Amino acid sequence: SGDIETLALLVRKYFGDAQTFAPRLRLTELCAQAGVELRHDSLPGLARLEAWDAKGQYRVLCSLNPKLTNVREQNYALAHILGHVFLDLHPKMAKGELQRSVFEETQSPLLRFLQSGKGLSAQEAAADAFACALLLPRGMVRKAYATLSGIEDTAAFFHVDRQLLEVRLSQIGISRKPSAAVQAPVKTTA
């Protein structure tokens, strides 16, 4: 139906292998369960997704450059790539139309998303929306943010960058909790 949030939850449920409600998603395991072969190869860019029809059997290969060492960036890159798998490749596979597709990330998808986020193709924006929903499911974020003491604790709980959590909070309409130094003064009566 085009609901990326629901799709991300279904991916967690069916390919997450008991990670449906886990805040720290193990993306390498999820990729394996989803049939995405993962490699660490020297690439001109940071990540590459290739899919092709190998005589009636679809192959999906994700390569990450070993230079991508930050685990949070790797997780976002994998979540973004899974967005392409489920939003772009699976519909073609279901129709029998996939011949060969390649998606290349020349820079960190996380840094690109946090720095620009605008001016992207609809395809890239949808993959970013999927990555955010997969790593930070709306309901889990609402509950964790209401329960934990703030942005830092919630970001650590999900093992994501603070800036990504801030963007996600904004996307789902949650305003930041005021810090102790910024809270409104208590009115006193004289």
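Leu 49 has a bridge partner in strand S4: Phe 103. This pair belongs to a predicted model. Strand S2 covers residues 47-54, and strand S4 covers residues 100-105. The two strands pair in the antiparallel sense, over 6 bridges. Ala 47 also takes part, standing opposite Glu 105 in S4.

Now follow S4 itself. Where do its side chains point? They alternate. Ser 101, Phe 103 and Glu 105 point to one face and are buried. Arg 100, Val 102 and Glu 104 point to the other face and are not buried. This fits a general rule: in a regular strand the side chains alternate between the two faces of the sheet. So Phe 103, the partner of Leu 49, sits on the buried face of S4.

S2 has another neighbour. Strand S3, residues 57-64, is joined to S2 by 8 bridges. S2 and S3 run antiparallel. Ala 54 in S2 has Gln 57 in S3 as its bridge partner. Between the strands of this hairpin lie 2 residues. Lys 55 takes a positive phi there, near 55°.

Next, turn to the helices. Helix H7 spans residues 151-158. Which of its residues are buried? They are Ile 151, Thr 154, Ala 155 and Phe 158. Seen down the axis of H7, these buried residues fall within an arc of 100°, so they line one face of the helix. The spacing has a general background. An α-helix has 3.6 residues a turn, so residues three or four places apart point the same way.

What does the buried set of H7 pack against? Its partners are helix H5 (122-135), helix H6 (138-147) and H8.

Look at H8 in detail. This helix covers residues 162-171. Its axis lies 9 Å from that of H7, and the two helices pack at an angle of about 105°. Angles from 65 to 115 degrees count as roughly perpendicular, and that makes H7 roughly perpendicular to H8.

Which residues meet at this contact? H7 brings Ile 151, Glu 152, Thr 154 and Ala 155. H8 brings Arg 162, Leu 165, Glu 166 and Leu 169. By class, the contact has 4 nonpolar, 1 polar and 3 charged residues. Three of the H7 names, Ile 151, Thr 154 and Ala 155, are also buried.

Finally, step just past the end of H7. His 159 takes a positive phi of about 55° there.

Definitions and conventions:
Residues numbered from 1 in each chain as written. Predicted model: local features only at pLDDT ≥ 70, side-chain atom pairs only at ≥ 80, totals over all residues. Heavy atoms only, no water. Axes fitted to C-alpha atoms, helices over the stretch in contact; angles between N-to-C directions. Helix = DSSP H or I, 4+ residues; strand = E, 2+ residues; numbered from the N terminus. Parallel < 35°, antiparallel > 145°, perpendicular 65-115°, else oblique. Contact = heavy atoms within 4.5 Å. Nonpolar A, V, L, I, M, F, W, Y, C, P; charged D, E, K, R; others polar. Pairing = 2+ DSSP bridges. Buried < 20%, exposed > 50% of the residue type's maximum accessible area, 1.4 Å probe, protein only. Arc of directions from axis to C-beta.
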